[in-house]
Amino acid sequence: GIGLAAYTMDSHNCQRTVVNGMVKNEGDVQIGGFGPYPIAYRSITPKLSECENLLVPVCLSATHIAYGSIRMEPVFMVIAQSAATAAVMAIDTKTSVQHINVSDLQSKLKNNPMANRRPAEILLDNDDPIHINSGTWTKDMTHHDRYGHSFSHAHEKDAEFTFRFPIHFKSGLYQIRAYCPAATSASDHLTLSIKSGKHVKLISKPIKQKNEWLDCDRIYFDSANENHVRLLKGKNQTGALIADAILLIPVLK
């Protein structure tokens, strides 16, 4: 994959017809409820026998139904950036667009996502295998208002969920955001314990808008030390504790 699409399969009406005296819309498709999915590099390249120096990020190879989901401007922007990066690789290595090293392309997009050498954002998700939790947690994949494939929820007073950092990340100042899904049972308060080396900071904030990212704080993290973000059940906090996603955004000086 060289980019993600995530929109509903959305194809508009082709025509209107009269059936038994009633006007009917024909060709409408509205199917959602699935998570983001990757778009393959080969879908933007023609056959080698047809053309060696062409990349097509918008009119890419897809079925009509799939294209109804792909056809979003942010997706086109992502694929276009991937195509531009691939074009540079083809020029620099003096090869066809079909023969570039796609693994190298994926690595470039991951390590330099803004194409400006700015450190990449760090996304910590409850579906990642690098988390630790205490108490009994249950994954919920039924709500559409979530980040990614699921969120985890717990009702125990002593429940906690620890998001562990990836092994390799750059030291620096990060803006911390927590995703607050719009589950009816979710607490209206967020409590985080953030560990940066030997320093631990407790953050408690009300959740005023659900199904949104909540700005928490700016913290300096040193990759040489132990770092994690822990979601806690706060004092006098009612409602279910929800663990979904934490986003760390590099703050440029």
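## The main core

In this predicted model, the largest nonpolar core has 28 residues, and the ones touching the most other members are Ile176, Leu190, Leu192, Ile194, Phe221, Ile246 and Leu248. Quite a few strands chip in: β7 (122-125), β11 (160-164), β12 (172-180), β13 (189-196), β15 (212-221), β16 (227-232), β17 (241-243) and β18 (245-250) each supply at least two residues of this core.

Take isoleucine 246 as a sample. Leaving aside neighbours within four places in sequence, isoleucine 246 is in contact with Ile122, Leu123, Leu124, Phe163, Ile176, Arg177, Ala178, Leu192, Trp213 and Val229. There's also a second, separate core of 19 residues, with Tyr41, Val75, Ala86 and Ile100 among them.

## The five-stranded sheet

One open sheet runs β8-β11-β16-β13-β14, with antiparallel pairing. β8 (131-134) and β14 (199-206) sit at the edges with a single partner strand each, so one side of each has no neighbour in the sheet. From one strand to the next, the twist averages 15 degrees.

Zooming in on one pair, β13 and β16 run antiparallel over six bridges. Serine 193, for instance, has arginine 230 in β16 as its bridge partner.

## Cysteines without disulfides

Searching the whole structure turns up zero disulfides. For cysteine 14, the closest cysteine sulfur belongs to cysteine 59 and is 18 Å away, which is too far for a bond. Cysteine 14 is exposed, at a relative accessible area of 63%.

Cysteine 216 is in no disulfide either: the nearest cysteine sulfur, in cysteine 180, is 7.3 Å off. Cysteine 216 counts as buried, with 11% relative accessibility.

Methods. Residues numbered from 1 in each chain as written. Predicted model: local features only at pLDDT ≥ 70, side-chain atom pairs only at ≥ 80, totals over all residues. Heavy atoms only, no water. Core = buried A, V, L, I, M, F, W, Y, C linked by side-chain atoms within 4.5 Å. Buried < 20%, exposed > 50% of the residue type's maximum accessible area, 1.4 Å probe, protein only. Helix = DSSP H or I, 4+ residues; strand = E, 2+ residues; numbered from the N terminus. Contact = heavy atoms within 4.5 Å. Disulfide = S-S within 2.5 Å. Pairing = 2+ DSSP bridges. Axes fitted to C-alpha atoms, helices over the stretch in contact; angles between N-to-C directions.
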